[in-house]
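New to this one? Take a moment to look over the sequence and the model, then use the notes below as a short guided tour.

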Amino acid sequence: ITDLTLREKIKPMVTDEKIKNLYDGIVKKSPAEEEVKARHILVATEKDAKDIIEQLNKGGDFNKLAADKSTDTASAKQGGDLGYFTKKTMVPAFAEAAFALKNGDYTKTPVKTEFGYHVIKVDDKRKAEPVKLEKVKSQLESKLSDEMANEYVEGIRKKAKIERFGLDGKPMVEPKPEVPPAEAPKKEEKK
């Protein structure tokens, strides 16, 4: 069977319904992860972080403090906004602190990571939505096609009578597997 023939045979078997069933099965096996939407203010020293926490305790505006004080210039422009993230996408100390907070709360002590000292505020928590079917449809279609092609070829192999011929055109004799000689029965020892 050529690849082209196989593809033409399999293509009509890969239906939208089968792709959806494969997708649904994968989604069911993958529990939704919790995500946190957080902001942070990153500074170089613990003292700087404690000063920021003190200002927040006195009613300071987190977004303004992030814009003015954070050394993470990319997020500082958005008030320290990091967007939504899962636990495994952040360094452990940061993730532990962020996921321990309730919505609207900020860390009361600085969080140290290899990047410096963070003051973290949680804006929201949610369960992560599964990837939309449309985004992974072509990957699932390929996976399903491969599986169905393998099944199809295996089915043909099981039904086929395979004969092998030598270069001279004569049928080849398949070598028989070597069977170890049976052990000779042991003589009973007399007591």
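What follows is a quick briefing on helix packing, salt bridges and one loop residue.

Keep in mind that this is a predicted model. Two helix pairs are worth a look first: α1 with α7, whose axes sit 10 Å apart, and α3 with α4, whose axes are also 10 Å apart. After that come the salt bridges, 13 by count.

**How α1 meets α7**

- Helix α1 covers residues 3-10, helix α7 covers residues 133-159, and the two pack at an angle of about 110 degrees.
- Angles of 65 to 115 degrees count as roughly perpendicular, and α1 and α7 are therefore roughly perpendicular to each other.
- On the α1 side, the contact uses L6, K9 and I10.
- On the α7 side, S145, M148, A149, Y152 and V153 do the job.
- Sorted by type, the residues of this α1 and α7 contact come out as six nonpolar, one polar and one charged.

**How α3 meets α4**

- Helix α3 (residues 46-57) packs with helix α4 (residues 62-69) at an angle of about 155 degrees.
- Anything over 145 degrees counts as roughly antiparallel, so that is the label for α3 and α4.
- If you like handedness, the crossing of α3 and α4 is right-handed.
- The residues that meet are I52, Q55 and L56 from α3 and F62, L65 and K69 from α4.
- By type, the α3 and α4 contact has four nonpolar residues, one polar and one charged.

**Salt bridges between separate parts of the chain**

- K137 and D16 pair up through their side chains, with N to O at 3.0 Å.
- K137 belongs to helix α7 and D16 to helix α2 (residues 16-29), so this bridge links distant parts of the chain, 121 residues apart.
- How open are the two partners? K137 has a relative accessible area of 31% and is partly exposed, while D16, at 52%, is exposed.
- Another bridge joins the side chains of K88 and E33, at 3.2 Å from N to O.
- K88 sits in the loop between β2 (81-86) and α6 (92-100), and E33 sits in the loop between α2 and β1 (34-43), so the bridge ties together parts 55 residues apart in sequence.
- K88 is exposed, at 65% relative accessibility, whereas E33 is partly exposed, with a relative accessible area of 34%.

**A salt bridge inside α2, and a network**

- D24 and K20 form a salt bridge too, and their closest N and O atoms are 2.9 Å apart.
- Here both residues belong to helix α2 and are four residues apart, about one turn of the helix.
- Both are partly exposed: D24 has a relative accessible area of 27%, and K20 has one of 38%.
- Salt bridges can also join up, and K37, R39, D81 and D123 are linked in a network of them.

**One loop residue to find**

- Where is D61 found? Look in the loop between α3 and α4.
- D61 is partly exposed, with a relative accessible area of 46%.
- D61 and G79 are 18 residues apart in sequence, and their C-alpha atoms are 9.5 Å apart in space.

Notes: Residues numbered from 1 in each chain as written. Predicted model: local features only at pLDDT ≥ 70, side-chain atom pairs only at ≥ 80, totals over all residues. Heavy atoms only, no water. Axes fitted to C-alpha atoms, helices over the stretch in contact; angles between N-to-C directions. Parallel < 35°, antiparallel > 145°, perpendicular 65-115°, else oblique. Contact = heavy atoms within 4.5 Å. Nonpolar A, V, L, I, M, F, W, Y, C, P; charged D, E, K, R; others polar. Left-handed = near helix turned anticlockwise from the far one by under 90°. Salt bridge = Lys/Arg side-chain N within 4 Å of Asp/Glu carboxyl O. Buried < 20%, exposed > 50% of the residue type's maximum accessible area, 1.4 Å probe, protein only.
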